[in-house]
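These are my notebook entries on the structure shown below. I looked up its salt bridges and then its sheet.

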Amino acid sequence: MLTIDVEKTGDVAVVRCVGRIVRGAEVRTLRNAVVAEKDIRIVVIDLSDVEMLDAGGLTALLSLQQWARSRKVQLKLVNPSHFVNEVLLRTGMDRVFDISSFEHALFVLSASECRHSRYAVC
């Protein structure tokens with residue numbers, strides 16, 4: 001089972017995943033949650049509470065990355081659980097995705113916001 005919580009701030013959507021990203025309903029749940037977001041510039045997928053990722057889940061993440069690129073949306077994976085991190089490393093997908101800690105992603109996002117706003121105090 002996969003539970004998704006989406007928090008949107010401005011043009012950034014943080015998608016928190018809890019459970020399993022596996023072939024079937026879970027993959028559809030993740031995809032629907034991400035593509036439903038409108039007017040976004042960045043999608044951050046928090047994988048810290050994902051206990052299982054199979055080939056179907058990995059394919060879904062790759063599909064979402066292609067979806068994001070085609071819309072000029074940046075896709076970031078953050079805080080992969082130990083299991084997910086191992087899957088990404090062993091499949092070589094750690095070189096395909098933008099993966100970081102949540103804190104680093106927030107730092108990068110805040111710096112990006114400063115560059116886009118001429119009134120921001122950074």
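Entry 1, a pair across two strands. I found the side chains of R16 and D49 meeting in a salt bridge at 2.2 Å, N to O; the term requires a side-chain nitrogen of Lys or Arg within 4 Å of a carboxyl oxygen of Asp or Glu. R16 lies in strand β2 and D49 in strand β3, 33 residues apart, and the pair thereby links distant parts of the chain. I note that helices (H or I, at least four residues) and strands (E, at least two) are DSSP runs, numbered from the N terminus. R16 is partly exposed at 35% relative accessible area, and D49 is partly exposed at 31%; buried means under 20%, exposed over 50%, partly exposed in between (1.4 Å probe, protein chains only).

Entry 2, provenance. The model is predicted: local features need pLDDT of at least 70 and side-chain atom pairs count only at pLDDT 80 or more, whereas totals for chains, interfaces and linings use all residues. Residues are numbered from 1 along each chain as its sequence is written, and side-chain values use heavy atoms, with hydrogens and water left out.

Entry 3, further salt bridges. I searched the whole structure and obtained four salt bridges. Among them, D98 and K76 meet at 2.7 Å, N to O. D98 sits in the loop between α3 (82-91) and β5, and K76 in strand β4, 22 residues away. D98 is partly exposed at 30% relative accessibility, whereas K76 is buried at 5%. Another is formed by E86 and R90, at 3.1 Å, N to O. Both residues lie in helix α3, four residues apart, about one turn of the helix. E86 is partly exposed at 26%; R90 is exposed at 71%.

Entry 4, the sheet. What is the order of the strands in the open sheet? I read it as β1-β2-β3-β4-β5, with mixed pairing; two strands pair if DSSP finds at least two bridges between them. β1 (2-9) and β5 (99-100) stand at the edges with a single partner strand each, so one side of each has no neighbour in the sheet. β1 and β2 pair antiparallel over eight bridges, while β2 and β3 pair parallel over nine. The chain passes from β2 through α1 to β3 in a right-handed crossover, that is, clockwise from the first strand over the helix to the second with the strands pointing away from the viewer. β3 (residues 42-53) and β4 (residues 74-78) run parallel, joined by five bridges, and V44 has K76 as its bridge partner in β4.
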